[in-house]
Amino acid sequence: MKIAGLSDRYPVAGKELTQKKSNSVKEYSNYLTQKFGCLTPGPNSAVSVTGGLLKKAMADEKTGAWLERELAKAPDYIKAAQESAKAHGATLKSVTIEFGEEYSTMCTLTVTDGGGNDPEIDKWLERVKEKRAEQKKAEKRLEQEHKALEVQDGMYSMEIHGKDLEDLAKKFSGKLSEQTQFNPFGNFDARA
């Protein structure tokens with residue numbers, strides 16, 4: 001991801017990032033890059049966010065929500081530009097989208113005669129689509145894991161599936177070690 005004019009030395013008021021507060025623009029940038037595959041540039045395509053917008057999105061929840069919505073739609077914008085060029089007998093050869101301060105967006109396109117799709121942009125769009133699908137799978141898995149461990153009236157309920165008793169015991173031990181914290185007084189405390 002391209003970040004113009006900022007380094008990780010500029011801490012900003014923290015914003016909730018999936019259970020973790022970000023203390024720097026660099027952390028927030030890494031979070032967005034992991035969440036949105038379009039921020040990993042391809043040879044003929046790139047989506048970037050200015051440092052000023054990153055800083056503003058960290059400090060303002062509304063701006064952060066807008067940025068994430070727009071980043072989610074960026075591959076669709078590029079696909080639409082590609083289809084539009086193709087419909088007019090041209091080929092989209094290069095595209096960059098930059099999201100900046102004050103909710104501004106700048107798009108640079110290079111179009112040539114020929115009528116077709118650039119294979120590099122197609123590969124990039126496919127990688128972005130695969131990353132989006134992986135992200136949705138991971139979110140669904142995390143949601144299921146959170147449902148598996150529920151706290152009700154001080155009691156913990158855990159659902160574990162396995163092929164046999166030994167498999168269940170291993171999974172139970174693993175889940176228990178994830179959810180417990182060692183206490184130096186000889187017993188353990190379960191974390192919520």
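This briefing describes the fold, the helix packing, the nonpolar core and selected residues of one protein chain. The model is a predicted one, and its secondary structure comes to five helices and ten strands. Of the 192 residues in the protein chain, 29% count as buried. Among contacts between residues at least 6 apart in sequence, 59% join residues that are at least 24 apart.

**Packing of α1 against α3**

- The helices α1 and α3 pack at an angle of about 35°, and their axes lie 11 Å apart, with α1 passing α3 in a right-handed crossing.
- On the α1 side the residues that meet α3 are Y28, Y31, L32 and K35, and on the α3 side their counterparts are G64, L67, E68 and L71.
- Sorted by class, this contact of α1 with α3 has five nonpolar residues, one polar residue and two charged residues.
- In sequence, helix α1 covers residues 25–35, while helix α3 covers residues 61–87.

**The largest nonpolar core**

- The largest nonpolar core has 28 residues, and those with the most contacts inside it are L32, C38, V47, L67, L71 and F99.
- Two or more residues of this core come from each of the elements α1, β3, α2 (51–59), α3, β4 and α4, and α3 gives the most, with six residues.
- Leaving aside residues up to four places away in sequence, L67 touches Y28, L32, V49, L53, L54, A57 and F99.
- L67 therefore appears both among the residues with the most contacts inside the core, which are buried because a core is by definition a set of buried residues, and on the α3 side of the contact with α1.

**Salt bridges**

- Side chains of opposite charge can pair when their charged atoms come close.
- The count for this model comes to six salt bridges, and three of the pairs are described in the points below, beginning with K73 and E70.
- K73 forms a salt bridge with E70, in which the closest N and O atoms are 3.4 Å apart; because K73 and E70 are three residues apart in helix α3, about one helical turn separates them.
- The two partners of that pair are not alike in exposure, since K73 counts as partly exposed at 34% relative accessibility, whereas E70 is buried, with a relative accessible area of 11%.
- The side chains of D118 and K93 meet in a salt bridge at 3.5 Å, N to O, and this pair links distant parts of the chain, with D118 in the loop between β6 (116–117) and α4 (119–148) and K93 in strand β4 (residues 90–100), 25 residues apart.
- D118 is buried, with a relative accessible area of 5%, while K93 is partly exposed, with a relative accessible area of 35%.
- E120 forms a salt bridge with K123, the closest N and O atoms being 3.7 Å apart, and both residues lie in helix α4, three residues apart, which is about one turn of the helix.
- In this pair E120 counts as partly exposed at 27% relative accessibility, and K123 is partly exposed as well, with a relative accessible area of 47%.

**Buried polar residues in helices**

- Q82 has its place in helix α3 and counts as buried, because its relative accessibility is 0% and the cut-off for buried is under 20%.
- Not counting residues up to four places away in sequence, Q82 touches L92, N117, D118, I121, D122 and L125; one of these, D118, is the residue whose side chain meets that of K93 in a salt bridge.
- S29 has its place in helix α1 and counts as buried at 5% relative accessibility.
- S29 and L39 are ten residues apart in sequence, and their C-alpha atoms are 9.5 Å apart in space.

**An exposed loop residue**

- P43 lies in the loop between α1 (25–35) and β3 (45–49), and P43 is exposed, because its relative accessible area is 57% and the cut-off for exposed is over 50%.
- Although P43 and S94 are 51 residues apart in sequence, they are 8.5 Å apart in space, taken from C-alpha to C-alpha.

Notes
Residues numbered from 1 in each chain as written. Predicted model: local features only at pLDDT ≥ 70, side-chain atom pairs only at ≥ 80, totals over all residues. Heavy atoms only, no water. Helix = DSSP H or I, 4+ residues; strand = E, 2+ residues; numbered from the N terminus. Buried < 20%, exposed > 50% of the residue type's maximum accessible area, 1.4 Å probe, protein only. Salt bridge = Lys/Arg side-chain N within 4 Å of Asp/Glu carboxyl O. Contact = heavy atoms within 4.5 Å. Axes fitted to C-alpha atoms, helices over the stretch in contact; angles between N-to-C directions. Left-handed = near helix turned anticlockwise from the far one by under 90°. Nonpolar A, V, L, I, M, F, W, Y, C, P; charged D, E, K, R; others polar. Core = buried A, V, L, I, M, F, W, Y, C linked by side-chain atoms within 4.5 Å.
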